There are 2 protein chains.
Amino acid sequence: MGGDFGPRVIVAALITSLRKHPGASALVFGDQQMLATELSTCTDSSLLSRIDVRHCDSVIADEDKPSSVLRHKQDSSMGLAVQAVADGEAQACISAGNTGALMALGLVRLRTLPGISRPAICATYPTSLGRSYMLDLGANLECSPQQLHQFALLGSLTAQALEGIAAPTVRLVNVGEEETKGGENMAQTAALLSADPLINYLGYVEGDGIFEGNTDVVVCDGFTGNVALKTSEGLATMINGMFKALLASSWVARIGAIFMRTLLVGLKSRLDPAFYNGAYLLGLNGVVVKSHGGASKKAFGHALDVALDAAKHNLPGVLSPILQGRMDNGIK
Amino acid sequence: MGGDFGPRVIVAALITSLRKHPGASALVFGDQQMLATELSTCTDSSLLSRIDVRHCDSVIADEDKPSSVLRHKQDSSMGLAVQAVADGEAQACISAGNTGALMALGLVRLRTLPGISRPAICATYPTSLGRSYMLDLGANLECSPQQLHQFALLGSLTAQALEGIAAPTVRLVNVGEEETKGGENMAQTAALLSADPLINYLGYVEGDGIFEGNTDVVVCDGFTGNVALKTSEGLATMINGMFKALLASSWVARIGAIFMRTLLVGLKSRLDPAFYNGAYLLGLNGVVVKSHGGASKKAFGHALDVALDAAKHNLPGVLSPILQGRMDNGIK
């Protein structure tokens, strides 16, 4: 039971989510006392009956290294939550805690899908036309062409399964759109993606093209993806802050804002990072979703939606035979 | 005489710039006929007397490779413009053409400053508190710790010389702020920066921290910098487009926009990419500024300001003895 704000935000989001999804129920791992306090605010006994609290003493800290977690903290709340997915007791696991630890526990307990060497962090983000999937967002700082190929495949199959897109378009992030741009790794990756009949590869995309919305799946190494995602969040936060500061400085502008209220609320909700919270650890043989540590109730609620959606579509179950089929046919 | 729009935009920007800077004069390299046509719109003969047109037949195309430019096109407009700086005939060179060619010609004709192995592309960008310098923005896709160290030094000395900041703060872009984040290269770079008495190194910065404005100089490899910069441009363009579309869809919002006009114009000008156009090829022994190929008149005018500012401060002349002094003292 992690996240920067402890169980308060998470329990509140869970209660709202269970109201929204009547067929869902939850296993919650953490400190029983703390969880009981948070749950005591809910008086709906039928809803409470869908929450099964499992007490854990061991908690993973942000600074815990994955190797140390695997040695000493497999019985932590995070470890037991991942184990519940491995045991088939849960169809998805959501955590707002240490990403490296979640990845390590996922790898050990769930293993990867056939032919996938390492999972990638994958999330959706807003574009001019809707939303797109981007991976890797930070699990693998440097990636071989083979790994990027696997990510492209995972992203493409996921967009197909979850969004119903027949042949999702895939592009590789590069410093130019021309074929000659980028290093040798980039050229090798492009060759692998072009040759793969399961991938609708359209070429390179530059940073500014990411938001145009004409790419369903954007693929890059984890360092690039992490910087691109966080740079976007930082810029959006700065623009929001500048807007508020200017608004506070002028009563004329504040009158204007009243007229523009619907527009501004609409724009904000389209761009709200909370609405894009919840990233898949894609490539694990089970649904594991990472929420931002500082997630609000709304943001954690969205991460729950992400996890429920993947579970509903039986994502690893759909991807696994396709990937296994490729292996059986000798495709790497 | 390059750029996506040919001499029209560039000549128009130049005329405005020369009006603004009465002490400046220009050498313009390109097709004499085309330039004469553009210049004929200007009737101010004393201003025209400050423009010296040098005819060139050879033009560098966007797809020309740097190696081919060095073999066959050193007498192109770009080649001669760089040569004018090498000869001391010009104090700065500005081009909106092929970046790789400009870098190659700069390296051959101007060489690098003492102890600098490769130049970096460096530009300013807006932050919550003002503006910061960022490099490399795409000249060197992969960088060794030694190169990143050189970039940190170049950026720091430039912020000192141009902005008058006594000890510019420097941070390295990484996927986390903790010391353990990033790979071995990152740790080695951090060690070099920490140990350098000329660099006020404050640690790592994540993508979202780039815009907070508490870092004067942000250092990263060219791949990361290019993606971060272009992602920011793409997001700003998307937000602007969404705002306009929503505005067009509601007359109530349009009334509000009239009240908010001053605010919106102020916000737009703070974030306008045109105002940040003009990137230094920092580390060359001469001022060379690259404008965006698709620059508007306003944007190219800003690139001219950037070049004039560096020339006025005699940037390479200030940096060279400092860097030479380090070499003489055995500091790499």
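## Strand β4 and its neighbours

In chain A, strand β4 and strand β9 (residues 279–282) run antiparallel and are joined by three bridges. The model described here is a predicted one. Within this pairing, A:I121 of β4(A) stands opposite A:L281 of β9(A). A second antiparallel pairing links β4(A) to strand β5 (residues 131–135) of chain A, here through five bridges. A:T124 has A:Y133 as its bridge partner in β5(A), and the connection from β4(A) to β5(A) is a hairpin of four residues.

Strands of a sheet pair through backbone hydrogen bonds, either parallel or antiparallel. Side chains in a regular strand alternate between the two faces of the sheet. What covers the two faces of β4(A) can be stated residue by residue: A:A120, A:C122, A:T124 and A:P126 are buried on one side, and A:I121, A:A123 and A:Y125 are buried on the other. Strand β4 of chain A, which spans residues 120–126, thereby has seven of its seven residues buried, a count based on 20 or more other C-beta atoms lying within 10 Å of the residue's own.

## The eight-stranded sheet

β4(A) belongs to an open sheet of eight strands with mixed pairing, ordered β3-β10-β9-β4-β5-β8-β6-β7 in chain A. The edge positions are held by β3 and by β7 (200–205) of chain A, each of which pairs on one side only. From one strand to the next, the twist averages 30 degrees.

Towards the β3 edge, four bridges join β3(A) to strand β10 (residues 287–290) of chain A, and these two strands run parallel. A:A92 stands opposite A:V287 in this pairing, and A:I94 has A:V289 as its bridge partner in β10(A). Two bridges connect β9(A) with β10(A), which run antiparallel; here the bridge partner of A:Y280 is again A:V289. The hairpin of β9(A) and β10(A) has four residues between the strands, and in it A:G283 takes a positive phi near 115 degrees. In β10(A) the residues A:V287 and A:V289 point one way, while A:V288 and A:K290 point the other way; all are buried.

## Helices packed on the sheet

Two helices of chain A are described as packing on the sheet. Helix α7 (residues 145–163) of chain A touches β4, β5, β6 (169–173), β8 (217–219) and β9 of chain A, and its direction makes about 165 degrees with that of β8(A). Helix α12 (residues 297–312) of chain A touches β3, β9 and β10 of chain A; the direction of α12(A) makes about 165 degrees with that of β3(A).

## Domains of chain A

Chain A is divided into domain 1 (1–110) and domain 2 (117–283 + 304–332). Their C-alpha centres lie 26 Å apart. Contact between them involves 11 residues of domain 1 of chain A and eight residues of domain 2 of chain A. On the domain 1 side, α1 (7–20), β3 (92–95) and α6 (99–110) of chain A each give two or more residues. By class, the residues on this side of domain 1 comprise seven nonpolar, four polar and no charged.

## Helix α5 of chain B

In chain B, helix α5 (residues 77–86) is mostly covered, with eight of its 10 residues buried. These are B:S77, B:M78, B:G79, B:L80, B:A81, B:V82, B:A84 and B:V85. The buried residues of α5(B) pack against β1 (26–30), β2 (51–55), β3 (92–95), α6 (99–110) and β10 (287–290) of chain B. Just after α5(B), B:G88 takes a positive phi of about 80 degrees.

## Contact and symmetry of the two chains

The contact between the chains takes 50 residues from chain A and 50 residues from chain B. On the side of chain B that touches chain A, α9 (222–248), α10 (251–259) and α11 (261–271) of chain B each supply at least two residues. The most is given by α9(B), with 21 residues. That side of chain B has 27 nonpolar, 17 polar and six charged residues.

A turn of 180 degrees with a shift of 0.0 Å along the axis lays chain B on chain A with an RMSD of 0.0 Å. The two copies are therefore related as by a two-fold rotation axis. In chain B, the C-alpha nearest this axis is that of B:G256, at 1.9 Å from it. Of the interface residues of chain B, 100% are also interface residues in chain A, so the copies meet through the same surface.

Note on methods
Residues numbered from 1 in each chain as written. Chains lettered and ligands numbered in written order. Predicted model: local features only at pLDDT ≥ 70, side-chain atom pairs only at ≥ 80, totals over all residues. Buried ≥ 20, exposed ≤ 12 C-beta atoms within 10 Å, placed from the backbone. Pairing = 2+ DSSP bridges. Contact = placed C-beta atoms within 7 Å. Nonpolar A, V, L, I, M, F, W, Y, C, P; charged D, E, K, R; others polar. Least-squares fit on C-alpha atoms with pLDDT ≥ 70 in both. Domains from an automatic or database assignment. Axes fitted to C-alpha atoms, helices over the stretch in contact; angles between N-to-C directions.
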